[in-house]
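User: I have some questions about the fold and packing of this chain. Please reason from the model and finish each answer with the value or name I ask for.

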Amino acid sequence: KKGDLIFVSGNLGAAYMGLLVLEREKQAFKADPNMQPDLSGHDYILSRQLKPEARIDILEILKKAGVKPTAMIDLSDGLASDLLHICEKSKLGCSIYEEKLPIDFTTAAMAQEFKIEPAIAALNGGEDYELLFTVSQKDYDKLKDIKEINVIGHMTEEAEGRNMISQSGSQITLRAQGWDAFLKK
């Protein structure tokens, strides 16, 4: 519903950064098969790519808090793509806030190394297997202190669009850049 809060579990973009590291090292290996891949220091982002874990623990956390989400989807296609699925099915818009996107320090550092805005990795990377869900505003107090989840925005009227508000205050239209299993080929 309009006004419902948008939450995500965990942090975003790490799996994508792990994939980019693997692809970079693969290209280096192709160029010189005698070279060994340098994966040191990338344990976290590599594990997010190679060993994703579904966040079923969040279901128990929400149950203990006495909160039933109004919508929920796993983040396998990227935050923007999966949030747009919720918007389309509910016939609503949304506003999310760049400064609210939970991005791990190592993910942000690797994004900068690849000259990618960390928010782009969070919005479009996919494969994080975190949960995206909406809840009524009346449930905010039940969830605000739970470390495993973060509020990133709210649902709006469809006419207001589907947007991210940047740290500078600019309104950016969300576009689905991730995988779309329903895309007709």
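User: Is Phe 7 buried or exposed?
Analyst: The model is a predicted one, and the accessibility is computed from it. Buried means under 20% relative accessible area. The relative accessible area of Phe 7 is 1%, so Phe 7 is buried.

User: Which residue forms an aromatic pair with Phe 7, and what is the angle between the planes?
Analyst: A pair of aromatic rings is described by the distance of the centres and the angle of the planes. The count of aromatic pairs comes to one. In that pair the centres are 5.5 Å apart and the arrangement is stacked. The partner is Phe 133, and the planes make an angle of 5°.

User: How many residues apart in sequence are the parts that this pair ties together?
Analyst: Phe 133 is also buried, at 0% relative accessibility. Phe 7 lies in strand S1 and Phe 133 in strand S4, so the pair ties together parts of the chain whose separation in sequence is 126 residues.

User: What is the strand order of the open sheet?
Analyst: The sheet has seven strands with mixed pairing. Strand S2 (71–75) and strand S7 (171–173) each pair on one side only, as edge strands. From one strand to the next the twist averages 25°. The order is S2-S4-S1-S5-S3-S6-S7.

User: Which residue in S5 is the bridge partner of Gly 93?
Analyst: Strand S3 (residues 93–97) and strand S5 (residues 149–156) run antiparallel and are joined by four bridges. Among the paired residues, the partner of Gly 93 in S5 is Thr 156.

User: What angle does the direction of helix H4 make with that of S2?
Analyst: Helix H3 (residues 57–65) packs on the sheet, where it touches S1, S2, S4 and S5, and its direction makes about 25° with that of S4. Helix H4 (residues 79–90) also packs on the sheet, touching S1, S2, S3, S4, S5 and strand S6 (162–165). The angle between the directions of H4 and S2 is about 155°.

User: Which element gives the most residues to the largest nonpolar core?
Analyst: In soluble globular proteins, nonpolar side chains tend to be buried together. The largest nonpolar core here has 23 residues, and Ile 6, Leu 83 and Ile 96 are among those that touch the most other members. At least two residues each come from S1, S2, H4, S3, helix H6 (118–124) and S5. The element that gives the most, with six residues, is H4.

User: How many residues are in the second, separate core?
Analyst: Phe 133, from the stacked pair with Phe 7, belongs to this second core. Leu 5, Ile 61 and Val 67 are also included. The number of residues in this core is twelve.

User: Why is there no bond between the sulfur of Cys 87 and that of Cys 94?
Analyst: A disulfide is a covalent bond between the sulfur atoms of two cysteines. The cut-off applied is a sulfur pair within 2.5 Å. Cys 87 and Cys 94 are both buried, at 0% relative accessibility. The closest cysteine sulfur to that of Cys 87 is in Cys 94, too far for a bond, at 3.7 Å.

User: Which residue in S7 is the bridge partner of Met 164?
Analyst: S6 pairs with S3 in the parallel sense over four bridges, and Ser 95 stands opposite Asn 163 in S6. S6 pairs with S7 in the antiparallel sense over three bridges. In S6, Arg 162 and Met 164 point one way and Asn 163 and Ile 165 the other way, and all are buried. The partner of Met 164 in S7 is Ile 172.

User: What is the phi of Gly 169 in the turn between S6 and S7?
Analyst: S6 and S7 form a hairpin, and five residues lie between them. Gly 169 is in the turn, and its phi is positive, about 95°.

User: How far apart in space are Ile 120 and Tyr 16, C-alpha to C-alpha?
Analyst: Ile 120 lies in helix H6 and counts as partly exposed, at 43% relative accessibility. Ile 120 and Tyr 16 are 104 residues apart in sequence. In space, C-alpha to C-alpha, they are 10 Å apart.

How values were computed
Residues are numbered from 1 along each chain as its sequence is written. This is a predicted model: local features need pLDDT of at least 70, side-chain atom pairs count only at pLDDT 80 or more; totals for chains, interfaces and linings use all residues. Side-chain values use heavy atoms; hydrogens and water are left out. Two strands pair if DSSP finds at least two bridges between them. Axes are lines fitted to C-alpha atoms, for helices over the stretch in contact, and angles run from 0 to 180 degrees between N-to-C directions. Contact means heavy atoms within 4.5 Å. A nonpolar core is a set of buried Ala, Val, Leu, Ile, Met, Phe, Trp, Tyr and Cys residues joined through side-chain atoms within 4.5 Å. Buried means under 20% relative accessible area, exposed over 50%, partly exposed in between (1.4 Å probe, protein chains only). Rings of Phe, Tyr and Trp (its six-membered ring) pair if their centres lie within 6.5 Å; planes under 30 degrees apart count as stacked, over 60 as edge-to-face and the rest as tilted.
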